[in-house]
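Grab a pencil and work through these exercises one at a time. Try each task yourself before reading its solution.

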Amino acid sequence: GDFDQKISNNGDDELAELITAFNQMTEKLVKLEKIRKESASDLAHELRTPITTIKGYIEAFEDGKISLNQENLDELKEEIARMVSLIEKLKEFAEAQNKIFNLQKEQIEINKLIKNVSKKKLKQIESKNIKLNLELEKELIIEADKDSLIQILNNLIENAVKYNRDNGKITIKSCQRDNNIIIQISDTGYGISREDLPYIFERFYRADKSRSSENGGTGIGLAVTKELIEAHGAKIEVDSNNNGSIFKIIFPV
Ligand code: ADP
């Protein structure tokens, strides 16, 4: 009677928990598998362009249609560099996927991390004569995986440099609003058009192709950034006009 009832209730609760955990895990694995398959197919697609260009050059050399001058060689080297950077970025993407399953969360004082990461970027920042502005509210602790946070900050700061104007400005702000810690990275670049904005977090998507490829972009950085942020239960928002862009990370505390 009562005894059986209790056991089966407990059993039900535990079973329900197990089923939920199992379902969540399956869902994650299915998603990961889907991402893996898509990545392979996207990479194949992305690699086709430089390979076709290189093949075209080689055939033209063979047919004697073009000569082996420095300009042509530089063109070839650029395509090869693009392939190398694609492969490196894809490695970064695969690593981030694995990271998501194995977040090593710890208490992190976010302002200290922001200062450390931006210090490492100073050379890059100064090479474009960009001014870095830090507006950090003191002592903001979040529970997060440090490597992920470093990668997130690295990617956003790198973009804020790459897509900025010479002599521009980068502002990094941090603050706590109610139950959220907010990190905001803004630049004074040319911004992202309204048409491109919904897609910039997609793999291999590059807004304004000419300017992005000039910058050696691969369109993987923001996809990785978003995945890592969402794995922390946080979210990323972007706002942009032709005077610059603002990326906002919102961490629930
Ligand atoms: P990548 O920079 O390697 O091309 P990302 O995934 O980091 O790839 O960014 C995707 C695209 O979003 C970029 O190609 C660029 O067009 C646009 N973008 C990202 N960050 C900025 C920014 N701060 N300002 C303007 N455009 C940006």
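**Exercise 1.** Over residues 66-123, what percentage of the chain is helix, what percentage is strand, and how far apart are the end C-alpha atoms?

*Solution.* Keep in mind that you're looking at a predicted model. Start with the record: UniProt, in an unreviewed entry, puts the feature "coiled-coil region" at residues 66-123. Now check that stretch in the model: 76% of it is helix and 9% is strand. Finally, go from end to end, and the C-alpha atoms there turn out to be 40 Å apart.

**Exercise 2.** Find the buried residues of helix α3 and work out how they are arranged around its axis.

*Solution.* Helix α3 covers residues 110-120. Step one is to list who's buried: I110, N111, L113, I114, V117 and S118. Step two is to look down the axis of α3: those buried residues fall within an arc of 155 degrees, so they line one face of the helix. Step three is to check the other side of α3, where you'll meet the exposed residues K112, K119 and K120.

**Exercise 3.** Is L18 buried or exposed? Then find the surface patch it belongs to.

*Solution.* First locate the residue: L18 sits in helix α1, which runs over residues 2-62. Next, use the cut-off that exposed means over 50% relative accessible area. L18 has 58% relative accessibility, so it counts as exposed. Then look at its partners: L15, L18 and I19 make a nonpolar surface patch of about 300 Å².

**Exercise 4.** How many aromatic pairs are there, and what is the geometry of the rings of Y57 and F61?

*Solution.* The count comes to two aromatic pairs. In one of them, the ring centres of Y57 and F61 are 6.4 Å apart and the planes meet at 45 degrees, so the pair is tilted. Both residues belong to helix α1, four residues apart, or about one turn of the helix. Y57 and F61 are both buried, too.

**Exercise 5.** Describe the aromatic pair formed by F201 and F247, and say which parts of the chain it links.

*Solution.* Begin with the geometry: F201 and F247 are 6.4 Å centre to centre with 85 degrees between the planes, which is edge-to-face. Now trace the chain: F201 is in the loop between β5 (180-187) and α6 (209-214), while F247 is in strand β7 (residues 244-252). They're 46 residues apart, and the pair links distant parts of the chain. To finish, apply the cut-off for buried, under 20% relative accessible area. F201 is buried at 16%, and F247 is buried at 7%.

Terms used
Residues numbered from 1 in each chain as written. Predicted model: local features only at pLDDT ≥ 70, side-chain atom pairs only at ≥ 80, totals over all residues. Heavy atoms only, no water. Patch = residues over 30% accessible without salt bridge, like charges linked within 9 Å, V, L, I, M, F, W, Y side chains within 5 Å. Areas by Shrake-Rupley, 256 points an atom, 1.4 Å probe, with all protein chains shown as cover. Salt bridge = Lys/Arg side-chain N within 4 Å of Asp/Glu carboxyl O. Helix = DSSP H or I, 4+ residues; strand = E, 2+ residues; numbered from the N terminus. Buried < 20%, exposed > 50% of the residue type's maximum accessible area, 1.4 Å probe, protein only. UniProt positions renumbered as here; feature names shortened; annotations may be inferred. Arc of directions from axis to C-beta. Phe/Tyr/Trp six-rings, centres within 6.5 Å; stacked < 30°, edge-to-face > 60°.
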